[in-house]
Amino acid sequence: MAALFLLYESACGYALFEAHGLDEIGQNTEAVRNSVSDLNRFGKVVKLCSFHAFTSALDALKQCNAVSEGILTDELRAALEKNLPKVKEGKKPKFSLGVSDPKIGSQIAEVSKIPCQSNEFVSELLRGVRLHFNKFIGDLKTGDLEKAQLGLGHSYSRAKVKFNVNRVDNMVIQAIFLLDTLDKDVNSFSMRVREWYSWHFPELVKIVNDNYLYAKVAKFIKDKSKLTEDNISDLTDIVGDEDKAKEIVEAAKASMGQDLSEVDLINVHQFAQRVMDLSEYRRKLYDYLVAKMSDIAPNLASLIGEVVGARLISHAGSLTNLAKCPSSTLQILGAEKALFRALKTKGNTPKYGLIFHSSFIGKASAKNKGRMARYLANKCSIASRIDCFSESSSTAFGLKLREQVEERLDFYDKGVAPRKNIDVMKSAIESAANNDAEMETEEVPVEASSKKSKKKQKAADEGDEMAVDKPTVTNGDAVEDHKSEKKKKKEKRKLDQEVAAENGTNGNASEQRSVKKKKDRKDDNGEAVEAASESKKKKKSKKNAE
């Protein structure tokens with residue numbers, strides 16, 4: 001019978017055990033379970049082969065993370081290849097390795113060709129190893145293993161918690177939970193303000209219907225007996241309607257409510273202020289949720305809305321879990337109780353869950369609501385996967401998917417044929433590429449200006465004044481034109497000096513200078529060089545005359 005080795009990953013290191021006497025036990029799981037508690041019996045079956053200790057707590061955390069993700073590290077591979085029999089190519093191995101996790105077993109078998117198994121029998125053997133591990137390792141002192149397990153457990157949990165904190169979808173989940181709670185609380189508190197203040201001013205309930213406005217008006221009025229026509233302008237600012245403000249004043253004059261003491265009015269006033277503060281905070285929280293959804297799931301938010309999209313993410317647990325859900329699961333997400341009740345009673349299963357709150361389901365007719373929910377769940381599944389796994393965030397796909405849903409609504413109602421999915425996706429990819437190109441073009445001018453400023457600074461440090469005004473071009477013709485301009489300036493200076501020396505007056509010199517300038521403007525193809533040669537000849541003749 002093939003030999004069986006056991007791999008046990010402890011907090012101190014990797015331990016390799018060999019199981020003996022399996023023929024006597026006959027791989028009976030019940031027999032192993034009975035022998036686990038007795039070390040004398042279990043020690044005859046399982047014996048330690050080797051132990052590879054971790055070098056530090058950081059190394060232990062690294063190995064633990066790798067094993068939990070099903071990754072074979074170099075240290076584990078080296079320990080297995082050193083202590084296990086070598087696997088010859090083309091021959092069937094005469095041993096197998098028992099592991100607790102099938103993922104790491106498949107990775108070991110794929111990389112090192114060592115046959116691995118993970119079943120109930122191996123699990124019972126590893127349970128016994130875990131129970132008596134400190135007895136197998138003689139160098140361990142009392143309490144060392146417990147300290148190592150505690151430290152590794154804290155480090156591993158801390159790393160996982162830090163990973164979760166960095167995921168922004170947790171913020172969306174908490175925000176939508178708080179938003180739903182605030183909606184319930186604001187509604188119940190507003191009803192309490194209405195009931196409380198109605199004892200004093202019962203007619204106000206029928207005039208002002210909005211909860212927030214009612215709390216605001218109740219805070220402003222306080223005692224109805226002090227309300228006069230002078231307060232109509234202030235009431236108009238609060239209510240937004242002058243006729244309604246006049247109606248409130250008239251109702252206060254003929255109100256049937258009872259009078260309240262000063263202390264009671266102060267309490268009503270304070271409670272109305274709290275309701276207003278809660279309503280303001282609810283509005284700010286909604287803006288925060290919209291901003292977060294545009295960052296984490298822009299396509300899902302543009303398709304189905306920020307609130308419904310956040311509820312889907314919250315119910316699934318995370319954006320990754322939502323992306324893993326098939327569209328059939330996403331369709332009834334939130335209606336699990338109705339689904340299981342229908343399965344139990346063999347009735348009709350629900351057609352929609354949380355996506356019922358979408359405006360598309362409300363627009364569809366009664367007979368098309370189920371079909372619309374199925375189609376919308378399909379598009380939401382696509383949008384969530386794009387948001388979860390795409391590297392760049394863009395709303396291009398979400399807007400195109402929304403157009404598809406609207407076209408499907410028209411198809412159900414009017415019979416207008418919608419576009420094909422492949423054409424819509426091509427246009428979405430093109431629009432996303434154009435958006436990326438626009439983002440890149442916005443960044444390029446900033447980089448170019450910074451490079452130009454660096455070149456100017458370098459030229460100023462070197463003391464080359466001409467380099468500051470020199471354009472940053474690579475064309476050779478432009479450089480040659482710049483050099484010819486320098487030569488022309490030098491020739492003009494020489495000509496001016498010669499003309500001034502010959503005529504002796506500034507007026508004549510200025511006239512000659514203007515004449516020379518006109519000549520230089522006319523001469524574009526080398527005439528300036530001829531003028532310079534003539535001036536040289538005149539200079540020589542002047543020297544000979546002197």
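Modeller: Let's start with a term: a nonpolar core is a set of buried Ala, Val, Leu, Ile, Met, Phe, Trp, Tyr and Cys residues joined through side-chain atoms within 4.5 Å. Keep in mind that this is a predicted model.

Colleague: Okay, so which residues touch the most other members in the largest nonpolar core?

Modeller: That core has 47 residues. Its largest share, eight residues, comes from helix α22 (residues 369-389). The two that touch the most other members, though, are Met 293 and Ile 304.

Colleague: And which residues does a separate, second core include?

Modeller: This one is made of 25 residues. Among them are Ala 218, Ala 245, Ala 252 and Val 275.

Colleague: Are helices α13 and α14 roughly parallel or oblique to each other?

Modeller: Helix α13 (residues 232-239) packs on helix α14 (residues 242-253) at about 125 degrees, with the axes 8 Å apart. Angles from 65 to 115 count as roughly perpendicular and those over 145 as roughly antiparallel. The pair fits neither class, so α13 and α14 are oblique.

Colleague: How many residues of the contact of α13 with α14 are charged?

Modeller: On the α13 side you'll find Ile 232, Leu 235, Thr 236 and Val 239, while α14 brings residues including Glu 242, Lys 244 and Lys 246. Six residues of this contact are nonpolar and one is polar, and the charged ones number three.

Colleague: Last one: is Phe 136 buried or exposed?

Modeller: Phe 136 sits in helix α8 (residues 133-136). Beyond its neighbours within four places in sequence, Phe 136 contacts Phe 17, Phe 42, Val 46 and Leu 48. Its relative accessibility is 19%, and the cut-off is under 20%, so Phe 136 counts as buried.

Conventions
Residues are numbered from 1 along each chain as its sequence is written. This is a predicted model: local features need pLDDT of at least 70, side-chain atom pairs count only at pLDDT 80 or more; totals for chains, interfaces and linings use all residues. Side-chain values use heavy atoms; hydrogens and water are left out. Helices (H or I, at least four residues) and strands (E, at least two) are DSSP runs, numbered from the N terminus. Buried means under 20% relative accessible area, exposed over 50%, partly exposed in between (1.4 Å probe, protein chains only). Contact means heavy atoms within 4.5 Å. Axes are lines fitted to C-alpha atoms, for helices over the stretch in contact, and angles run from 0 to 180 degrees between N-to-C directions. Angles under 35 degrees count as roughly parallel, over 145 as roughly antiparallel, 65 to 115 as roughly perpendicular and the rest as oblique. Ala, Val, Leu, Ile, Met, Phe, Trp, Tyr, Cys and Pro count as nonpolar, Asp, Glu, Lys and Arg as charged, and the others, Gly among them, as polar.
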